[in-house]
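Open the model in your viewer and keep the selection tool at hand. The stops below go from ring to ring and then to two single residues.

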Amino acid sequence: MKDIYILHENEEWLVPLRAEFDKRNVTFKEWFLNEGSVAYDKEPAPGVYYNRMSASSHTRGHRFAPELTRMALTWLEREQSDAVRVLNGTPALYLEVCKLSQYAALEKAGLKTPQTRAVVGREQILPAAQDFNHWPLILKPNRGGKGLGVVKMDSAAQLQSYINGSDYAEPLDGIWLLQEYIEPANPHITRCEFVGQQFVYAVQVDTTGGFELCPADVCAVGEDFCPTGTATPAKFQITDVYNDHPVLKQLQTFMRQAQVDVAGIEMIEDKQGRLFVYDVNTNTNYNAEAEQVAGGEVTGMGALADYLISQARD
């Protein structure tokens with residue numbers, strides 16, 4: 001069996017995956033990509049290389065981790081063969097850090113995305129929003145991660161107050177997104193999990209507490225938004241509502257076309273029954289408590305471990 005390498009920048013997110021590997025008596029190697037070098041002049045060791053780089057790496061002090069990962073993946077993909085296999089490679093990383101690229105790829109697969117406009121420059125936000133003219137609207141950074149920095153604006157006056165206020169902070173890459181607000185039929189979003197481009201399950205996430213919707217068991221956004229400590233278990237609930245829904249085939253088409261192997265894809269249904277896909281997480285995490293409540297027969301990390309092992313044995 002080939003060696004399995006996990007490219008990442010967050011040790012805590014590997015804890016549940018390591019536990020699943022331990023159950024299967026298999027180990028993997030880690031490549032922590034915060035700082036370092038890429039030996040482009042050499043050949044990489046044979047193995048399966050799985051990219052788990054996150055757009056939120058800067059929130060953990062790893063500002064240039066995605067850039068370093070792009071260099072590493074470029075090197076690995078140059079040698080990609082039966083001996084060197086890359087999963088969630090540069091196309092997936094590109095989508096991870098660029099929302100408009102996500103929407104273009106989703107729309108190519110026939111999926112509906114929210115009306116969106118990109119803006120660079122603090123003084124450009126209000127004029128762009130007035131021309132966009134979707135009130136209320138969502139203002140969010142292109143690279144935020146975990147839902148951080150997402151705010152709902154009901155009027156131009158409220159938006160101007162925010163822009164001129166002390167809470168304003170430039171996005172990491174300078175890009176703001178103005179997005180139409182989708183009024184949901186119910187106060188939750190749905191996240192569909194795919195491993196090896198195959199549907200694993202869908203989880204409903206309660207949005208009444210805010211936009212920070214990280215599903216990881218270890219998450220830094222606080223108990224009100226993420227299920228650590230005394231957080232409410234019911235915030236994350238696995239559902240079978242979409243198990244036979246035609247949107248799953250469209251999402252799989254998107255993944256094939258976009259060359260994404262593993263992802264959690266978030267969507268919302270409005271009061272007219274229309275589904276909008278608004279976020280693709282190519283570095284996906286899973287909520288173990290929700291999995292246990294659902295019976296524990298299927299786990300996201302278990303499915304991921306099985307997939308990586310199968311790729312290493314193929």
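Select R78 and Y40: in this predicted model, R78 sits over the face of Y40, 4.1 Å from the ring centre. A second charge of this kind is K152, which lies over the face of Y181 at 5.1 Å from the ring centre.

Next, the aromatic pairs, of which there are six. Select W31 and W75, an edge-to-face pair with 6.1 Å between centres and 85 degrees between planes. This pair joins distant parts of the chain, since W31 belongs to strand β2 (residues 29-32) and W75 to helix α2 (residues 65-78), 44 residues apart. W75 is buried, at 9% relative accessible area.

Move to Y168 and W176. Their ring centres are 5.8 Å apart and their planes meet at 40 degrees, so the pair is tilted. Y168 is buried at 10% relative accessible area, and W176 is buried at 2%. Add Y162 to the selection: ring pairs link Y162, Y168 and W176 into a cluster.

Now select T282, in the loop between β13 (275-281) and α8 (288-293). Its relative accessible area is 1%, so T282 is buried. Which side chain does the side chain of T282 meet in a polar contact? It is that of E96, at 2.7 Å. Beyond its neighbours within four places in sequence, T282 has contacts that include N88, A92 and V260.

Last, go to V203 in strand β10 (residues 198-206). V203 counts as buried, at 7% relative accessibility. Show its contacts more than four places away in sequence, among them I189, R191, F236 and I238. K235 is 32 residues from V203 in sequence, with 9.7 Å between their C-alpha atoms.

Terms used:
Residues numbered from 1 in each chain as written. Predicted model: local features only at pLDDT ≥ 70, side-chain atom pairs only at ≥ 80, totals over all residues. Heavy atoms only, no water. Helix = DSSP H or I, 4+ residues; strand = E, 2+ residues; numbered from the N terminus. Buried < 20%, exposed > 50% of the residue type's maximum accessible area, 1.4 Å probe, protein only. Polar contact = N/O pair within 3.5 Å; in protein donor to acceptor, adjacent residues only side chain to side chain. Contact = heavy atoms within 4.5 Å. Phe/Tyr/Trp six-rings, centres within 6.5 Å; stacked < 30°, edge-to-face > 60°. Lys NZ or Arg CZ within 6 Å of the ring centre and 35° of its normal.
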